[in-house]
Amino acid sequence: MFEGIEFLNKEVFWLLALLPIALVWYLFKQNKQNAELKMSSIKGFKVTNSWLPKLKHLLFALRLLALALLITALARPRTVDVSSRTNTTKGIDIVMAIDVSASMLAKDLKPNRLEALKEVAADFIKERPNDRIGLVEYAGESYTRTPITSDKGIVIRSLEDIKYNNIIEGGTAIGMGLATAVNRLKDSKAKSKVIILLTDGVNNSGFIDPKIASEMAVEFGIKTYTIGLGSNGMALSPIGILPNGTFQYGRVQVEIDEALLEEIANVTGGQYFRATDNQKLEEIYGEINKLEKTDIEEFKFYNYEEKYRPLLLLSGMLLLLEILLRSTIFKSFI
């Protein structure tokens, strides 16, 4: 009955404790008012079985019910309709620059570095519902896979389609990957602009020096988080292509230019991370997710609808009914 209803003045319900006291008082008073007449015989008297005297207690019941309704009305019952609206007060534009060179097929992460990255990056994207995200691929050269967009479905589908191919020139052009990401963000009007640059190697290709690219990022106010992907020591990596077109794998020393990645991160105000396994990679993206928070302002609107008026009306009607019955039908019994 009271589902979805709140009472503004709950303390008024303490008055309901007076009703049992009033009932006890009424019963005690009735016993005192009942007169007794003892007769040896009632022969010669006409006996009538009227039901009206038995119903006179209905008057008091009506009064108690009216008082209960009045107390409930004083408690101010009302329904509350809450609606909310959120406003993103500090949007973030993010570009993820992903190394897609052949070494990303190394199996030190499961099932390989590239697939492990795609899985973790997809979860990261899903946890950024209020930000715009874009994708850049690079190996020996770089290009924009997805411009920054708020449509996470497009970004995730594009991420899932990333794979190694021999169309892109071989090598690892960290400078070009970073420069392409900067180019996607330089005209952004977002309050914060972020690049997440991931590589598993050293800069050995491209015509843009990584230090020049990082200076461009600083000029446009773009923070860069760098991730070095790969286990320490040796890793099972592609070393050649067999006649059937598949890769031949062998144990290869993992080489990551950590000094360069640290410098890029420090210059641009970001951080450098090293991911040596799947769990560490997941933790890194979780840490970046915490560091780059989007401020959300939430507005709540409350619509109150008072419910005490019907209770007051019903209480008044019961009191009027009691007075009417007391003055008419039950007048001779009171």
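## Briefing: sheet and cores of a predicted model

The chain holds nine helices and eleven strands, taken as DSSP runs numbered from the N terminus (helices H or I, at least four residues; strands E, at least two). This is a predicted model, where local features need pLDDT of at least 70, side-chain atom pairs count only at pLDDT 80 or more, and totals for chains, interfaces and linings use all residues. Residues are numbered from 1 along each chain as its sequence is written, and side-chain values use heavy atoms, leaving out hydrogens and water.

**The sheet**
- Six strands form an open sheet with mixed pairing, in the order E5-E4-E3-E6-E7-E10; two strands pair if DSSP finds at least two bridges between them.
- E5 (142–149) and E10 stand at the edges with a single partner strand each, so one side of each has no neighbour in the sheet.
- E3 and E4 run parallel and are joined by seven bridges; Asp 99 has Tyr 138 in E4 as its bridge partner.

**The cores**
- The largest nonpolar core (buried Ala, Val, Leu, Ile, Met, Phe, Trp, Tyr and Cys residues joined through side-chain atoms within 4.5 Å) has 34 residues. Buried means under 20% relative accessible area, with a 1.4 Å probe and protein chains only.
- Met 96, Ile 227, Leu 281 and Tyr 285 have the most contacts inside this core.
- H3 gives the largest share of this core, eight residues.
- A second, separate core has 24 residues, including Val 136 and Tyr 272.

**Around Ile 227**
- Beyond its neighbours within four places in sequence, Ile 227 is in contact (heavy atoms within 4.5 Å) with residues including Ile 196, Phe 273, Leu 281 and Tyr 285.

Terms used: Buried < 20%, exposed > 50% of the residue type's maximum accessible area, 1.4 Å probe, protein only.
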